[in-house]
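This is a walk through one part of a protein structure, from a single helix to a sheet and the helices that lie on that sheet.

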Amino acid sequence: MTTPTPSSAHPTDGPSIQIGALVPLTRPGWTEAGRHLLAGLELAARDVNNTGGIAGKPLELIVRDTAADPHRAAAAVDELAHLGVTAMAGEYHSVVARAAAIRADALGLPYLCSSAVLDTLTEQPTEWVARLSPPQSRAWQTYADFLLSAGHTHIAVAAQPSLYWASGTRILRDHFTECGATVTELDMHTLTPTAVCDALANSHATALLLLVGHPEPAVPIVQAVRADQRLSHILIGAPAGQPEFTEWASLLRDSSAAIPFLRYLPEHLTPLGTRAEKALREHLTQAPSFVAFEGYDTITVLAELLRLHGTDRDRTAPPWPHISVEGTRGQIQFSRTPGISVWQWTWPPIQIVDRDPADPDHFRILHSG
């Protein structure tokens, strides 16, 4: 993808610099997201190596499958630290990333979280962990403002029990309530898709937000609501981004469209992003999701961190605030954000998009924030 530098700039055949990569590659993890994340991580590592590596040493990814299991992720951090990795990267699921971040912080191991959005990734402020995706409070409030601007003042939320979904429900409820809207919470621990339809028909809600796993129970809920003539006026929304991936479209077909969701892409990619998009598309044999770009940016940032800070594990905390590097989606810099325990990319892009009813393989940008 990038033009190789002269041979003198290529990595030597000596010891590699190892980075641990946490990725959900098996169920119940969101495996399509994991595949895109890993594609981005691997492509960026190849590009770093094609342009000389780090101080002449090649980067090597040591990949571990989390399967969306927080305990498995924490154990993987311990294992990778024992193997001597220089830093940690990746993960998609917020609750899993939180377990990894807490363990990395305890071990004093730099960890750049690629995709997870939970505001509190660690239990206390840390110098060891940073994040590329926007915090959930900012992104989901942007989503709520989009719905409010469209006139939705009676919202229903179908949520499963988990730290991630509970956090999202709280953010939406607090923001909607502050703006004079009402929120009806539907507990998917006890309700069936048919019961959700009955609850919606007996409410004043004009929008139903899916704070549930994919494909179960998200797909059956969409199918039930779309088939219920009483609910033809209901907008279905998925702030967590379930419709981003092709599995959503293949399972729901025409019903996959017109369901707004959050993704973290700018209106225009950087020149680096344009080149990465071409290579990722060829590798994935489909359009890369925003998660693939998050993976690429993760390695781009860690490579710059290692150039600045060195690769010796016995050192002080990494200098996240001194990083300024062009990623695929913009210039990446880190700062402290009130209420956020980790170093945060200050202004990652936010979009609200949906699949076009006229062509479900095409995304419509509805709002940028």
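Helix 4, residues 136-149, has 14 residues and reaches 20 Å from its first C-alpha to its last, close to the 20 Å expected at 1.5 Å a residue. The model is a predicted one. Most of helix 4 is covered, with ten of its 14 residues buried. With buried taken as under 20% relative accessible area, the residues that qualify in helix 4 are Gln136, Ser137, Ala139, Trp140, Thr142, Tyr143, Ala144, Phe146, Leu147 and Leu148. Just after helix 4 comes glycine 151, whose phi is positive at about 90 degrees.

Next is the sheet. It is open and made of four strands in the order 7-6-8-9, with parallel pairing. Strand 7 (182-187) and strand 9 (235-237) are at the edges; each has a single partner strand, so one side of each is left without a neighbour in the sheet. On average, and with direction ignored, neighbouring strands of this sheet are turned by 20 degrees against each other.

Within the sheet, strand 6 (residues 154-159) pairs with strand 8 (residues 207-211) in the parallel sense, over five bridges. Alanine 158 has leucine 210 of strand 8 opposite.

Two helices remain to be placed against these strands. Helix 6, residues 193-201, lies across strand 6, strand 7 and strand 8, and runs at about 160 degrees to strand 7. Helix 7, residues 218-227, also packs on the sheet, where it touches strand 8 and strand 9. The direction of helix 7 makes about 165 degrees with that of strand 8.

Methods: Residues numbered from 1 in each chain as written. Predicted model: local features only at pLDDT ≥ 70, side-chain atom pairs only at ≥ 80, totals over all residues. Heavy atoms only, no water. Pairing = 2+ DSSP bridges. Axes fitted to C-alpha atoms, helices over the stretch in contact; angles between N-to-C directions. Contact = heavy atoms within 4.5 Å. Expected span 1.5 Å × (residues − 1). Buried < 20%, exposed > 50% of the residue type's maximum accessible area, 1.4 Å probe, protein only.
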